[in-house]
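I opened this structure today to look up a few residues one by one. My notes follow the order in which I looked.

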Amino acid sequence: MKLVNKTALISGGGSGIGKATALCFAAEGARVMIAGRRKDPLVETVAEIHRNGGQAAYVVADYARVKQVEESVDAARSAFGTLDILVNNAGVAGFRPILEVTEEEYEYQTSINLKGLLFATKFAIPALAEQGGGSIVNISSGAGLKAVPASSVYGLTKAGVVHLTKIVALETANMNIRVNCICPGFIETPIFDTFIPKEDLAASKASFREMTPLKRMGRADEVAKAALYLVSEDAEWMTGNVITLDGGLNIA
Ligand SMILES: NC(=O)c1ccc[n+]([C@@H]2O[C@H](COP(=O)([O-])OP(=O)(O)OC[C@H]3O[C@@H](n4cnc5c(N)ncnc54)[C@H](OP(=O)(O)O)[C@@H]3O)[C@@H](O)[C@H]2O)c1
C-alpha cells in the first residue's frame, strides 16, 4: 500500500473522478476526507470506503465560498490530525460561444474551478508544510491546453489551473511540497449530464469516442491511478508537471 499514514483531502469526492480517487487512495491506506455541496453522494462514498475496510469522512462545503473551503481543510485536519495530500478536483463545466457568455456563467465557473482551487491550495499549504512536505494534484482538462470551441469560460479556468500548478510548485518547492496537474480527455462521469441535454447525450458520447484515437472514453479510475502515481513516492522527483490522460486526443 502506497499511502499508509497519509491524509488526503479530495474536493468533489462524491462522484466521478473525485470518488474514484477517494476509493483508490483509501485502498492504498490513506485516510480520506471528501468535500462537496451535496451530502448524499458524499455519505455513499464514505460508506463504500468503510465497507472496503478503509478510513474516510466527509464535509459538506461549497468551493465557491472561500470560508467553506477553509473549513474543509480544517475538517480534514481535525478528523485525522494531519494533512499530506490535496486533490483539487471539484469543478463544473459549461460550453457556449463567447457571444452568448453571461456574467453569471463566468462567475459560476471561475468561482469553483479557479477561486475554490486557489484558496484550497492556500489553506492546505501550511498544513502540508507542517508535515515536512506533501503533494497537491490539480485536475485541469485537455480544454486547458488546447483551444476548444465554445470553451471560453471553461477553457480559461482550466488553463488557469495549469498555470497555477506551475506557480505554486515554484513557490512551495522549498517546503518539499510537490504540485502537479492532470489534464483528462473525455472521461465517463456525471459531468456531461450537467450541460448536455439528455436527448443529445448518447450522440455526444459517440462523437467523443470517435474523436479519441483509442476510440473510447476514459474511466474515472484511470485518472485516479494517475493521481495516485503523482502523490506517491514513485513521483517524488516530479513537480510543476502536467500529465495529459486522454486516449491520444491531444495528438489527434
Ligand atoms: N469527465 C471529464 O470528461 C473531464 C475531463 C476533463 C476534466 N474534468 C474535470 O474533472 C473534475 C471532476 O469532474 P468529473 O468529471 O468527475 O464530474 P462530476 O462527477 O460532476 O464531479 C464534479 C464534482 O465536483 C463537485 N463540485 C462541483 N461544484 C462544487 C462546489 N461549488 N463545491 C464543492 N464541490 C463541487 C461535485 O459535487 P457537488 O455537485 O455535490 O458539489 C462533484 O462531486 C472537474 O474539475 C472537471 O472539470 C472532467
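Why does L23 count as buried? I looked up its surroundings and found 21 C-beta neighbours inside 10 Å, so L23 counts as buried (the term asks for 20 or more other C-beta atoms within 10 Å of the residue's own, while 12 or fewer make a residue exposed and a count in between makes it partly exposed, with C-beta atoms placed from the backbone).

I note that this is a predicted model, in which local features need pLDDT of at least 70 and side-chain atom pairs count only at pLDDT 80 or more, whereas totals for chains, interfaces and linings use all residues. Residues are numbered from 1 along each chain as its sequence is written.

I placed L23 in helix α1, residues 16–27 (helices are DSSP runs of H or I with at least four residues, strands are runs of E with at least two, and both are numbered from the N terminus). Setting aside neighbours within four places in sequence, I found L23 in contact with E48 and I49 (C-beta atoms, placed from the backbone, within 7 Å). I also looked up I182, which is 159 residues from L23 in sequence and 18 Å from L23 in space, C-alpha to C-alpha.

Next I turned to backbone angles. A150 has a phi near 70°, a positive value in a residue other than glycine, and I found A150 in the loop between β5 (134–139) and α5 (152–172). With 15 other C-beta atoms within 10 Å, A150 is partly exposed.

K215 also has a positive phi, near 60°, and is not glycine; I located K215 in the loop between α6 (201–211) and α7 (220–231). K215 is exposed, because 10 other C-beta atoms lie within 10 Å.

Note on methods:
Contact = placed C-beta atoms within 7 Å.
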